[in-house]
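Reader: I would like to learn how to read a protein model step by step, beginning with its empty spaces. Could you give me the general idea each time, and then the case at hand?

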Amino acid sequence: MENITDKITDTLNNSFLKSSGTPNVDTTERVISIAAGAFIFYKGLKNIWHHPIIALQEAAVGGVLLYRGATGVCPVYTRLGKDTSDPEAINITERFIVNAPRETLYRFWSDVSNLPKFMKHLKSVEQTGDNVSHWVANTPGNIVSLSWNAEVTRQEENAYIGWRSIEGSMIDNAGKVEFSDALNGLGTELLVEISYFPPAGSVGRGITSLFNGVFEDMIKEDINNFKRYVEAEEFKTFAGLQK
């Protein structure tokens with residue numbers, strides 16, 4: 001998609017379309033604008049002799065869309081102060097109580113290969129070295145394949161685990177889990193924070209905008225799934241709670 005957009009953009013920019021502002025439209029919108037603009041512009045020119053007024057209006061609309069797609073600048077977005085070329089990071093924070101010992105929960109989270117068992121947005125997590133692991137994500141509709149390497153940044157036994165993606169990864173992210181005894185003395189309170197940051201460059205921004213909202217919902221659901229997972233048979237087997 002990015003290569004096609006760049007070729008069309010270069011052709012149009014080198015001919016008659018010049019940018020007059022800072023790009024504020026992401027790659028996906030630009031592709032749609034170029035396709036729709038070309039169709040409407042052609043349709044207008046084709047009907048210029050039969051319906052000149054309507055044809056001129058269509059040609060004008062098509063021209064605006066071509067400009068929007070080729071330059072990445074949307075005058076309407078500029079007036080509204082909107083910018084879709086730089087999606088915001090996904091930041092999720094959840095706090096909940098789980099009916100399981102703190103030591104057991106810490107041990108489970110310490111083995112990163114356990115995470116895909118309840119986090120459906122993760123296809124796999126594999127330990128590749130001391131404090132280093134390889135992560136592969138399930139994206140909505142499997143539109144793109146996302147993977148990265150991560151490292152543990154801080155670890156306190158039975159209390160805290162923090163991690164982040166290694167510099168140069170396909171997608172930047174970071175997370176932490178804090179473990180503490182629940183105030184009522186029953187179970188463990190978990191504070192989970194996970195952040196995904198838009199990849200650098202126009203390709204990354206286009207990828208992020210494709211799944212940003214849905215992907216965020218997936219992660220929220222995954223975190224909340226952990227409480228249900230702890231009550232399932234698989235976790236009881238891991239914790240040695242089976243009779």
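Author: Let us begin with pockets. Rolling a probe the size of a water molecule over the atoms shows where empty space is left. On a 1 Å grid over the protein atoms alone, a pocket is an open set of points with protein on both sides within 12 Å along at least five of seven lines, whereas a cavity is a set of points where a 1.4 Å probe fits but cannot get out; lining residues have an atom within 4 Å of a point. Grid points are joined across faces, edges and corners, and the volume is the space filled by probe spheres set on the points. Here the largest pocket has a volume of about 170 Å³, and among its 13 lining residues Ser110, Gln127, Asn131, Val152 and Gln155 are the closest to the centre.

Author: A word on the origin of these values is also due. This is a predicted model, in which local features need pLDDT of at least 70 and side-chain atom pairs count only at pLDDT 80 or more, while totals for chains, interfaces and linings use all residues. Residues are numbered from 1 along each chain as its sequence is written, and side-chain values use heavy atoms, with hydrogens and water left out.

Reader: Which strand gives the most to the lining of the largest pocket, and how is the lining divided by class?

Author: Helices (H or I, at least four residues) and strands (E, at least two) are DSSP runs, numbered from the N terminus. Strand S4 gives the most to the lining, with four residues, and S3, S4 (146–156) and S5 (160–165) each supply at least two. For the classes, Ala, Val, Leu, Ile, Met, Phe, Trp, Tyr, Cys and Pro count as nonpolar, Asp, Glu, Lys and Arg as charged, and the others, Gly among them, as polar. By that division the lining has seven nonpolar, five polar and one charged residues.

Reader: How many helices and strands are there in the protein, then, and what pattern does the protein follow along the sequence?

Author: There are seven helices and seven strands, and along the sequence they follow the pattern α-α-α-α-β-α-β-β-β-β-β-β-α-α.

Reader: What share of the residues in the protein is buried, and which residues have the most contacts inside the largest nonpolar core?

Author: Buried means under 20% relative accessible area, exposed over 50%, and partly exposed in between (1.4 Å probe, protein chains only). Of the 243 residues in the protein, 42% are buried. A nonpolar core is a set of buried Ala, Val, Leu, Ile, Met, Phe, Trp, Tyr and Cys residues joined through side-chain atoms within 4.5 Å. The largest one has 36 residues, and Leu105, Trp109, Trp148, Leu190, Tyr196 and Phe226 have the most contacts inside it. Helix H6 (residues 201–230) provides the largest share of this core, six residues.

Author: Contact means heavy atoms within 4.5 Å. Leaving aside neighbours within four places in sequence, Trp109 is in contact with residues including Leu115, Phe118, Trp163, Leu190 and Phe226.

Reader: Why does Ser133 count as buried, and with which side chain does Ser133 make a polar contact?

Author: Ser133, which has its place in strand S3 (residues 132–137), counts as buried because its relative accessibility is 5%. A polar contact is a pair of N or O atoms within 3.5 Å; within protein, one must be able to donate a hydrogen and the other to accept it, and residues adjacent in sequence count only if both atoms are side-chain atoms. The side chain of Ser133 makes such a contact with the side chain of Trp135, at 2.7 Å.

Reader: Where is Ser169, and which backbone oxygen does its side chain reach at 2.6 Å?

Author: Ser169 is in the loop between S5 and strand S6 (172–181), and its side chain reaches the backbone oxygen of Ile166 at 2.6 Å. The backbone oxygen of Asn149 lies 3.3 Å from a polar atom of that side chain. Ser169 and Trp148 are 21 residues apart along the chain, and their C-alpha atoms are separated by 5.1 Å.

Reader: What is the phi of Asn131, and is Asn158 buried or exposed?

Author: Most residues other than glycine have a negative phi. Asn131, in the loop between strand S2 (122–129) and S3, has a positive phi of about 65°, and at 44% relative accessibility Asn131 counts as partly exposed. Asn158, in the loop between S4 and S5, has a positive phi near 60°, and Asn158 is buried, with a relative accessible area of 17%.
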